[in-house]
Amino acid sequence: MALAGTLKEADITAALAACKAAESFKHKEFFAKVGLSAKSADDIKKAFGVIDQDQSGFIEEEELKLFLQNFSAGARALTDGETKAFLKAGDIDGDGMIGIDEFATMVKA
């Protein structure tokens, strides 16, 4: 689990349990439950680096689909609807990707 060093195991478990059902993922609630909203800019940057699996500097739609699996290998993939809503919420400049500043804004919102 790549983010376990930054976040508490119990918080990760609770956040994943809260969005276990398909179409139940809400990014604002998840960021708060998992404890990422309360983390420093540096910790948010580390989390972004883990989620940006291809290290392109952006989180693309395919990486968002697998977002929950960054917190626990056994977590479900996001549905297409959840993925598109997540991307729309974070993609401030409309380029179809979420950059580090957009991610930080979304986490702190």
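A residue is called buried when its relative accessible area is under 20%, exposed when that area is over 50%, and partly exposed in between. The exercises below use these cut-offs on a predicted model.

**Exercise 1. Decide whether Phe58 is buried, exposed or partly exposed, and find which residues it touches.**

Step 1. Begin with the place of the residue in the fold: Phe58 is found in strand E1.

Step 2. Take the relative accessible area of Phe58, which is 30%, and set it against the cut-offs; Phe58 is therefore partly exposed.

Step 3. Leave out the residues up to four places away in sequence, and the contacts of Phe58 are Phe48, Asp52, Glu63, Asp95, Met97, Ile98 and Gly99.

Step 4. Compare this list with the record: the UniProt annotation "binding site", from an unreviewed entry, covers Asp52, Asp54, Ser56, Phe58 and Glu63. Phe58 thus belongs to the annotated set, and among the residues that it touches are Asp52 and Glu63.

Step 5. Treat Ser56, another residue of that annotation, in the same manner. Ser56 sits in the loop between H3 and strand E1 (58–59), and its relative accessible area of 35% makes it partly exposed.

**Exercise 2. Which residues does UniProt list in the annotation that includes Glu102, and is Glu102 itself buried or exposed?**

Step 1. The unreviewed UniProt entry lists Asp91, Asp93, Asp95 and Glu102 under "binding site".

Step 2. Locate two of these residues: Asp95 is in the loop between H5 and E2, while Glu102 lies in helix H6.

Step 3. Apply the cut-offs to each of the two. Asp95 has a relative accessibility of 35% and counts as partly exposed, whereas Glu102, at 9%, counts as buried.

Step 4. Look at the surroundings of Glu102, leaving aside its neighbours within four places in sequence: Glu102 is in contact with Gly90, Asp91, Ile92, Asp93 and Met97. Asp91 and Asp93, which appear among these contacts, are also listed in the annotation.

**Exercise 3. Explain why the buried residues of helix H5 can be said to line one face of the helix.**

Step 1. Collect the buried residues of H5, which spans residues 80–90; they are Glu82, Thr83, Phe86, Leu87 and Gly90.

Step 2. Look down the axis of H5: these buried residues fall within an arc of 130°, and so they line one face of the helix.

Step 3. Turn to the other side of H5, where Asp80 and Lys88 are exposed.

Step 4. Ask what the buried residues meet: they pack against helix H2 (27–34), helix H4 (61–65), strand E2 (98–99) and helix H6 (100–108).

**Exercise 4. Find how many cavities of 30 Å³ or more are counted, and describe the lining of the largest cavity.**

Step 1. The count comes to one cavity of 30 Å³ or more, and the largest cavity holds about 60 Å³ of space.

Step 2. Name the lining of the largest cavity: Ala15, Ala18, Cys19, Ser24, Phe25, Lys26, Glu29, Phe30 and Lys33.

Step 3. Assign the lining to elements of the fold. Helix H1 (9–18) and H2 are the elements that give two or more residues to this lining, and H2 gives the most, with three residues.

Step 4. Sort the lining by class, which yields five nonpolar, one polar and three charged residues.

Terms used. Residues are numbered from 1 along each chain as its sequence is written. This is a predicted model: local features need pLDDT of at least 70, side-chain atom pairs count only at pLDDT 80 or more; totals for chains, interfaces and linings use all residues. Side-chain values use heavy atoms; hydrogens and water are left out. Buried means under 20% relative accessible area, exposed over 50%, partly exposed in between (1.4 Å probe, protein chains only). Helices (H or I, at least four residues) and strands (E, at least two) are DSSP runs, numbered from the N terminus. The arc is that of the directions from the helix axis to the C-beta atoms. Contact means heavy atoms within 4.5 Å. UniProt positions are given in the numbering used here, feature names are shortened, and annotations may be inferred rather than shown by experiment. On a 1 Å grid over the protein atoms alone, a cavity is a set of points where a 1.4 Å probe fits but cannot get out, and a pocket is an open set with protein on both sides within 12 Å along at least five of seven lines; lining residues have an atom within 4 Å of a point. Grid points are joined across faces, edges and corners, and a volume is the space filled by probe spheres set on the points. Ala, Val, Leu, Ile, Met, Phe, Trp, Tyr, Cys and Pro count as nonpolar, Asp, Glu, Lys and Arg as charged, and the others, Gly among them, as polar.
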